[in-house]
Amino acid sequence: MSTSPAQTLETFANPAPQRDFHIHMKIPEFTCLCPKTGQPDFATLILDYIPDALCVELKSLKLYVWSFRDTGCFHEDVTNRILNDLVAVTQPRYMKLTARFNVRGGIYTTVVAEHRQPGWRPNPAVVLSDFAGQPGRRD
């Protein structure tokens with residue numbers, strides 16, 4: 001696999017498709033260009049998803065993210081474009097992309113975009129602290 005920026009996202013088979021599990025990724029080095037000024041915009045991307053049959057391969061994700069370095073795009077557009085591309089290749093049960101852009105003109109911008117597979121519902125949350133203090137538990 002190349003180490004040059006690329007628009008191709010690769011996948012691999014979900015090792016546990018029988019259950020919902022949460023994948024959380026923090027991508028702190030996202031860069032694109034402001035389409036108005038040509039100045040660089042920096043962001044941290046936070047990707048959360050519950051895979052179905054496929055997971056995104058990390059190196060291809062890194063190279064894909066790098067491909068935006070010289071691309072002029074509005075924050076809202078690039079966030080939704082990245083989510084759309086990730087959904088297209090992985091077809092997840094659920095995916096959320098949060099893009100936290102660094103300050104520009106005194107304004108911090110955060111864009112959050114979500115995808116839910118039709119008919120998918122999350123399992124109820126289990127809060128482990130609810131079990132604290134039960135007999136036989138060592139806290």
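Strands β5 and β6 form a hairpin with 2 residues between them. In that turn, Gly-105 has a positive phi of about 65 degrees. This is a predicted model. The hairpin belongs to an open sheet of 4 strands in the order β2-β3-β5-β6, with antiparallel pairing. The edge strands are β2 and β6, each pairing on one side only. Neighbouring strands of the sheet are turned by 15 degrees against each other on average, direction ignored. Two helices, a cavity and one loop residue complete the briefing.

**The β5-β6 hairpin**

- The antiparallel strands β5 and β6 are joined by 9 bridges.
- Beside the turn, Arg-104 has Ile-107 of β6 as its bridge partner.
- Elsewhere along the pair, Leu-97 is bridged to Ala-113 in β6.
- Strand β5 covers residues 94-104, and strand β6 covers residues 107-116.

**Val-112 in β6**

- Val-112 sits in strand β6.
- Neighbours within four places in sequence aside, Val-112 is in contact with Lys-96, Leu-97 and Thr-98.
- Val-112 and Leu-83 are 29 residues apart in sequence. In space, their C-alpha atoms are 9.7 Å apart.

**β3 and its two partners**

- Strand β3 spans residues 40-50.
- How enclosed is β3 by the rest of the structure? Of its 11 residues, 9 are buried, so the strand is largely enclosed.
- On the β5 side, 8 bridges join β3 to its antiparallel partner. Two of the pairs are Ala-43 with Phe-101 and Thr-44 with Arg-100.
- On the β2 side, 9 bridges link β3 to antiparallel β2, which covers residues 23-33.
- Across that pairing, Ile-23 stands opposite Tyr-49, and Ile-27 stands opposite Leu-45.
- β2 and β3 also form a hairpin, with 6 residues between the strands. Gly-38 of this hairpin takes a positive phi near 80 degrees.

**Helices on the sheet**

- Helix α1 lies across β2 and β3. The helix runs at about 25 degrees to β2.
- Helix α2 packs on the sheet and touches β2, β3, β5 and β6. The direction of α2 makes about 155 degrees with that of β5.
- The helices span residues 58-66 for α1 and 75-90 for α2.

**The cavity**

- How many cavities of 30 Å³ or more are there? The count comes to 1.
- The largest cavity holds about 30 Å³ of space.
- β3, α1 and α2 are the elements that give two or more residues to its lining.
- The lining consists of Ile-27, Leu-45, Leu-47, Leu-61, Val-65, Ile-82, Leu-86 and Leu-97.
- What is the chemical make-up of this lining? It has 8 nonpolar residues, no polar ones and no charged ones.
- Several lining residues recur in the strand pairings. Ile-27 and Leu-45 line the cavity and stand opposite each other across β2 and β3. Leu-97 is also in the lining, and has Ala-113 in β6 as its bridge partner. Val-112 is in contact with Leu-97 as well.

**Gln-91 in the loop**

- Gln-91 lies in the loop between α2 and β5.
- Its positive phi is about 45 degrees, although Gln-91 is not a glycine.
- Is Gln-91 buried or partly exposed? Its relative accessibility is 46%, so Gln-91 counts as partly exposed.

Conventions:
Residues numbered from 1 in each chain as written. Predicted model: local features only at pLDDT ≥ 70, side-chain atom pairs only at ≥ 80, totals over all residues. Heavy atoms only, no water. 1 Å grid on protein atoms, 1.4 Å probe; cavity = no way out; pocket = protein on both sides within 12 Å on 5 of 7 lines; lining within 4 Å. Points joined across faces, edges and corners; volume = space filled by probe spheres on them. Nonpolar A, V, L, I, M, F, W, Y, C, P; charged D, E, K, R; others polar. Buried < 20%, exposed > 50% of the residue type's maximum accessible area, 1.4 Å probe, protein only. Pairing = 2+ DSSP bridges. Contact = heavy atoms within 4.5 Å. Axes fitted to C-alpha atoms, helices over the stretch in contact; angles between N-to-C directions.
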